[in-house]
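Biologist: Got a minute to walk me through this one? I'd like to hear how the pieces fit together.

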Amino acid sequence: MALRIRLARGGAKKSPYFRMVVTESRNARDGSFIEKVGTYNPLLDHSDDKRVVVKAERIKYWISVGAKPSDRVALLLGKLGLCDKPEITETPKKSAPKKKAQERLKAQAEAASAE
């Protein structure tokens, strides 16, 4: 049984609110869970204390038992100092022009440098 600490979505449409839950990794996102260990409200300001509320003792217990936090939960817990922050190895790719547009830009740059 692989345990995960992850976010379960709640709240209304366009007004998200998340519960931090311990669940088996194969369960649905909003499905059954073992224990609720915190909450996360992304609509609140970053400096607000109620943005991330956790039960630190329970999270430490579940991690010691072998539960692995998801990437987003690990980032939130890392900011609180409860676990290691995940290393971000890849930078997100920005949308680049397609092949023909790149060729066109290259030809324009060559024409401008030739003049």
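**Sheet, helices and pocket**

Modeller: Sure. The buried residues of helix 2 have a cover that includes strand 1, strand 2, strand 3, strand 4, helix 1 and strand 5. Keep in mind that this is a predicted model.

Biologist: Which residues of helix 2 are buried?

Modeller: V73, A74, L76, L77 and G78. Helix 2 spans residues 71-80, and just after helix 2 comes G81, with a positive phi of about 80°.

Biologist: OK, now the sheet. What's the strand order?

Modeller: The order is 4-3-2-1-5, in an open sheet of 5 strands with mixed pairing. Strand 4 (52-54) and strand 5 are at the edges with a single partner strand each, so each has one side without a neighbour in the sheet.

Biologist: Does a helix come into this? Tell me what helix 1 touches.

Modeller: Helix 1, residues 56-65, packs on the sheet and touches strand 1, strand 2, strand 3 and strand 4. The direction of helix 1 makes about 120° with that of strand 3.

Biologist: Back to the pairing. How many bridges are there between strand 1 and strand 2?

Modeller: There are 10, and the pairing is antiparallel. Strand 1 covers residues 3-12 and strand 2 covers residues 15-24. As for individual pairs, I5 has V22 as its bridge partner in strand 2, and A12 is bridged to S15.

Biologist: And the turn of that hairpin?

Modeller: The hairpin has 2 residues between the strands, and K14 takes a positive phi near 65° there.

Biologist: What does V22 pair with in strand 3?

Modeller: With E35. Strand 2 and strand 3 run antiparallel and are joined by 5 bridges. So V22 is the bridge partner of I5 as well as of E35.

Biologist: Is strand 2 mostly enclosed or left open?

Modeller: Largely enclosed by the rest of the structure, because 7 of its 10 residues are buried. Buried here means under 20% relative accessible area.

Biologist: Now the two edges. Which way does strand 5 run against strand 1, parallel or antiparallel?

Modeller: Parallel, with 2 bridges between strand 1 and strand 5, which is residues 68-69. I5 stands opposite P69 there.

Biologist: And at the other edge, how many bridges does strand 3 make with strand 4?

Modeller: 3 bridges, in the antiparallel sense, with strand 3 at residues 35-40. T39 is opposite V53 in strand 4.

Biologist: Changing topic: what's the volume of the largest pocket?

Modeller: About 200 Å³.

Biologist: Which element gives the most to its lining?

Modeller: Helix 2 does, with 5 residues. The lining of the largest pocket is made up of Y40, H46, D48, D49, R51, V52, R72, L75, L76, K79 and L80.

Biologist: How does that lining split by class?

Modeller: It has 5 nonpolar, 1 polar and 5 charged residues. L76 is in that lining and is also among the buried residues of helix 2.

Biologist: One more, about A56. Where does A56 sit?

Modeller: In helix 1. A56 counts as partly exposed because its relative accessibility is 23%, and the buried class is under 20%.

Biologist: How far is A56 from L80 in space?

Modeller: 9.4 Å, C-alpha to C-alpha, with their positions 24 residues apart in sequence numbering. L80, for its part, is one of the residues lining the largest pocket.

Notes:
Residues are numbered from 1 along each chain as its sequence is written. This is a predicted model: local features need pLDDT of at least 70, side-chain atom pairs count only at pLDDT 80 or more; totals for chains, interfaces and linings use all residues. Side-chain values use heavy atoms; hydrogens and water are left out. Two strands pair if DSSP finds at least two bridges between them. Helices (H or I, at least four residues) and strands (E, at least two) are DSSP runs, numbered from the N terminus. On a 1 Å grid over the protein atoms alone, a cavity is a set of points where a 1.4 Å probe fits but cannot get out, and a pocket is an open set with protein on both sides within 12 Å along at least five of seven lines; lining residues have an atom within 4 Å of a point. Grid points are joined across faces, edges and corners, and a volume is the space filled by probe spheres set on the points. Ala, Val, Leu, Ile, Met, Phe, Trp, Tyr, Cys and Pro count as nonpolar, Asp, Glu, Lys and Arg as charged, and the others, Gly among them, as polar. Contact means heavy atoms within 4.5 Å. Axes are lines fitted to C-alpha atoms, for helices over the stretch in contact, and angles run from 0 to 180 degrees between N-to-C directions. Buried means under 20% relative accessible area, exposed over 50%, partly exposed in between (1.4 Å probe, protein chains only).
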